[in-house]
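Open the model in your viewer and keep the selection panel at hand. The tour goes stop by stop.

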Amino acid sequence: MTSSQLPPRRSSKPHRTVSIIGTGSYAPARVLTNYELEKMVDTTDAWIRTRTGISERRIAAEGENTSDMAVQAARAAMEQAEVHPEEIDLIIVATVTPDTFFPATACWVQKKLGAFNAACFDVSAACSGYLYSLEIAQQFISTHVYNTVLIIGADKLSAITDWTDRNSCVLFGDGAGAAILRNRPDSHGVISTNMGADGSFTDILVMPGGGTRCPITKENVDQRLNTIKMVGKEVYKQAVTSMFNAANKVLADAGLHYQDIACVIPHQANLRIIEAIAERTGILPPQPLLWLSTRRIAPGESAWATIFSWSSSAAASPGPVP
Ligand SMILES: CC(C)(COP(=O)(O)OP(=O)(O)OC[C@H]1O[C@@H](n2cnc3c(N)ncnc32)[C@H](O)[C@@H]1OP(=O)(O)O)[C@@H](O)C(=O)NCCC(=O)NCCS
C-alpha cells in the first residue's frame with residue numbers, strides 16, 4: 001500500500017489550541033506543623049521557616065491513598081469544568097507514590113470516578129510531573145486524538161519520607177491537584193511549554209529502593225532505602241538554574257518578555273528558591289507580576305493547587321491581576 005492509499009491521518013487536521021477549563025485541588029485534613037517536627041527530629045520552627053519559608057504541611061490519613069486524594073481533586077476540576085466522567089478520554093496521573101506500580105494510579109482513579117471511556121497512564125517525573133502531563137495532554141488534544149483530558153498531580157510523599165532525616169523531612173507533604181483540558185475554540189490556550197531532564201543528577205534526589213536496582217528486602221528497608229534521599233544544596237542549585245532556564249525558553253518560544261507576564265505560579269516548595277529565581281528574572285514581587293505559591297501541601301501538587309485557589313478567587317476575574 002502506498003502512502004497515497006492510506007486513510008487520512010488524524011494529525012493532518014489543523015492543530016487545535018488547548019485550554020485549562022477547570023481545576024481542583026485536595027489537601028488532607030491533618031496538618032503537621034514545624035513545632036510538631038521539633039519533637040520528631042533535631043530541628044526548630046525558626047530554622048525551617050528561615051531556610052524554606054514552610055510553616056506546615058498536610059499529611060494523608062491512614063489508609064488514604066494517592067488515588068483517593070487524586071479523585072477529590074479531579075472531582076473539583078470536573079465540577080468547575082462541568083465535565084461528566086464518561087466524557088473523559090484520557091486520565092494522566094503524575095505521581096512518584098503510586099497506589100501500586102501497576103495497575104497505574106490513573107486506573108484506580110478511573111474506577112473511582114467511573115470514567116470508563118478513558119485511557120489511563122501515570123507519569124513519573126516527580127515535581128515536574130504536572131508540567132509533563134500538561135504537555136503530553138496538549139499533544140493529544142491539539143492533534144485531535146482526544147477531546148477531554150484529565151491530568152492530576154498527586155503524591156503521598158509522607159509514605160516515602162524518612163521521618164528521622166531532618167535534612168529532607170521538613171520539605172514534604174501530601175496532596176493532589178487536577179485540571180481538565182479541552183480545546184476552547186476562541187481561546188489562544190497554552191502558548192508554549194518546555195520539558196527537560198538531566199539524568200546526570202540521578203543521585204541528588206532519589207528513592208534508591210523499591211525498583212529493580214534495589215529491590216525491597218528486609219536489609220534495604222532497615223537502611224531506609226525505601227525513602228527519599230536528598231542532597232539539599234545540589235538540589236537547590238539545580239532547581240534555581242533549571243527553573244530560570246526553562247522560564248527563559250518558554251518566553252522566547254512565545255515571543256514574550258518578563259514584563260508581559262501578569263502572574264507567575266512557581267512550582268516549588270522552598271520560598272528561598274522562588275526568591276532566587278525572582279531575583280534572576282529581575283522582576284521582584286509585588287510588581288508587576290504576582291508570585292504565587294502554595295507551600296503547604298506536597299510540592300508536586302502545589303502548582304495546580306495554587307492555580308485552583310487563584311482561579312477560585314477574585315484574582316481570576318478577567319482583566320489585570322490585582
Ligand atoms: C534543604 C535545604 C532547605 C537546606 O538548606 P541549606 O541552607 O542548604 O542547609 P545545609 O544543607 O547547608 O545545612 C546547613 C546546616 O543545617 C543543618 N540542617 C539540615 N536540616 C536541618 C533542619 N531541618 N533543622 C536544623 N538544621 C538542619 C545541616 O545539618 C547543616 O549543619 P552542619 O553545618 O552542622 O553540617 C536547602 O538546601 C534546599 O532547599 N534545597 C532544595 C530542596 C528542594 O527543593 N527539594 C525538592 C523539593 S521537591
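Which residue of strand 6 does Ile 91 stand opposite? Select Ile 91 and look across: Leu 150 stands there.

A word on the ground rules. This is a predicted model, where local features need pLDDT of at least 70, side-chain atom pairs count only at pLDDT 80 or more, and totals for chains, interfaces and linings use all residues. Residues are numbered from 1 along each chain as its sequence is written. Helices (H or I, at least four residues) and strands (E, at least two) are DSSP runs, numbered from the N terminus.

Next, select strand 4 (residues 90–94) and strand 6 (residues 149–156). They run parallel, joined by 5 bridges. Strands pair if DSSP finds at least two bridges between them.

Now show the whole sheet. It is open, with 5 strands in the order 1-7-6-4-5 and mixed pairing. Strand 1 (19–26) and strand 5 (119–123) are at the edges, each with a single partner strand, so one side of each has no neighbour in the sheet. From one strand to the next, the twist averages 15°.

Add helix 4. It packs on the sheet and touches strand 4, strand 5 and strand 6. Contact means C-beta atoms, placed from the backbone, within 7 Å. The direction of helix 4 makes about 130° with that of strand 4. Angles run from 0 to 180 degrees between N-to-C directions, with axes fitted to C-alpha atoms, for helices over the stretch in contact.

Then pick helix 5 (residues 129–142). It lies across strand 4, strand 5, strand 6 and strand 7 (174–182), at about 160° to strand 4.

Last stop: helix 3 (residues 66–81) with helix 4 (residues 105–113). Their axes come within 9 Å and cross at roughly 55°. Among the residues making the contact are Ala 70 of helix 3 and Trp 108 of helix 4.

How values were computed. Two residues are in contact if their C-beta atoms, placed from the backbone, lie within 7 Å.
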